[in-house]
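Welcome! Take a moment to turn the model around on your screen, and then let us walk through a few of its features together.

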Amino acid sequence: TLADRFDGKRFNSPNDLAITVGGDIYFTDPRYVGDEPRELDFEAVFLVKPDGTVKVASRDVQKPNGIIATPDGKTVYVADNNGAPGGNRQLLAFQVQSDGTLAGKRVLHDFGPDGRGIDGMTLDMQGNIYATAGSGPLSGIYVFGPQGQQLALITTPGEPSNCVFGVGDDDQ
């Protein structure tokens with residue numbers, strides 16, 4: 001266990017994580033299900049430093065879900081996926097500060113009040129974001145450029161949760 005508490009309080013429901021080249025670990029801590037009492041009264045993106053220090057990276061989200069960091073360590077993308085009426089369903093970009101915290105929130109894409117926002121995400125070598133989102137005929141893997149421009153939608157027969165690239169066998 002790298003971290004199970006912040007300021008002596010148990011996390012809500014640690015969800016997705018991103019590890020930087022420098023060893024920082026960012027993770028999202030939403031509360032989607034469960035009726036047990038919460039110890040933390042907020043949802044956030046947390047940071048675990050290589051020395052084990054835990055701190056809030058950003059509280060500037062409603063319900064953080066998927067998360068990825070760019071290879072250069074300068075940007076962290078976060079899915080703010082609040083399915084409640086009026087909740088955010090957005091792809092966000094944050095600048096990584098010198099202490100590892102996140103600032104300069106930018107909304108790269110807003111899925112609007114209907115449907116399903118982003119769950120999981122990954123990056124390709126060109127910095128494009130592949131994000132699972134949508135429902136019904138708009139369910140699939142959305143592809144965004146680094147500045148948030150939608151490049152494609154790869155439809156899927158169901159509602160995908162996560163995505164990642166694998167390495168194939170070069171001999172075949």
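Within this predicted model, a good place to begin is strand β12, where Y130 is the bridge partner of T122. T122 itself belongs to strand β11. These two strands, β11 and β12 (residues 129–133), pair in the antiparallel sense over three bridges.

The pair is part of something wider: an open sheet of four strands, ordered β11-β12-β13-β14, with antiparallel pairing. β11 (121–123) and β14 (150–155) stand at the edges; each has a single partner strand, so one side of each is left without a neighbour in the sheet. From one strand to the next, the twist averages 20°. As background, strands of a sheet pair through backbone hydrogen bonds, in either a parallel or an antiparallel way.

Is T122 buried or exposed? With a relative accessible area of 11%, T122 is buried. Setting aside residues up to four places away in sequence, T122 touches I68, N128, I129, Y130, C163, V164 and F165.

Three other residues are worth a visit, and the table puts their accessibility beside that of T122.

| Residue | Relative accessible area | Class |
|---|---|---|
| T122 | 11% | buried |
| T101 | 18% | buried |
| K105 | 30% | partly exposed |
| D7 | 65% | exposed |

T101 sits in the loop between β9 (89–96) and β10 (102–110). T101 counts as buried because its relative accessibility is 18%, and the cut-off for buried is under 20%. The side chain of T101 makes a polar contact with the side chain of D99, at 2.6 Å. Apart from neighbours within four places in sequence, T101 is in contact with L47, K55, V56, A57, Q95 and V96.

Next comes K105, which lies in strand β10. Which residue offers its backbone oxygen to the side chain of K105? That is D60, reached at 3.4 Å. D60 is also among the residues that K105 touches, together with L92, A93 and F94, not counting residues up to four places away in sequence. K105 and F94 are eleven residues apart in sequence, and their C-alpha atoms are 4.8 Å apart in space.

Our last stop is D7, in the loop between β1 (5–6) and β2 (9–10). Most residues other than glycine have a negative phi. D7 is not a glycine, although it has a positive phi of about 50°. D7 is also exposed, at 65% relative accessibility.

Methods. Residues are numbered from 1 along each chain as its sequence is written. This is a predicted model: local features need pLDDT of at least 70, side-chain atom pairs count only at pLDDT 80 or more; totals for chains, interfaces and linings use all residues. Side-chain values use heavy atoms; hydrogens and water are left out. Two strands pair if DSSP finds at least two bridges between them. Axes are lines fitted to C-alpha atoms, for helices over the stretch in contact, and angles run from 0 to 180 degrees between N-to-C directions. Buried means under 20% relative accessible area, exposed over 50%, partly exposed in between (1.4 Å probe, protein chains only). Contact means heavy atoms within 4.5 Å. A polar contact is a pair of N or O atoms within 3.5 Å; within protein, one must be able to donate a hydrogen and the other to accept it, and residues adjacent in sequence count only if both atoms are side-chain atoms.
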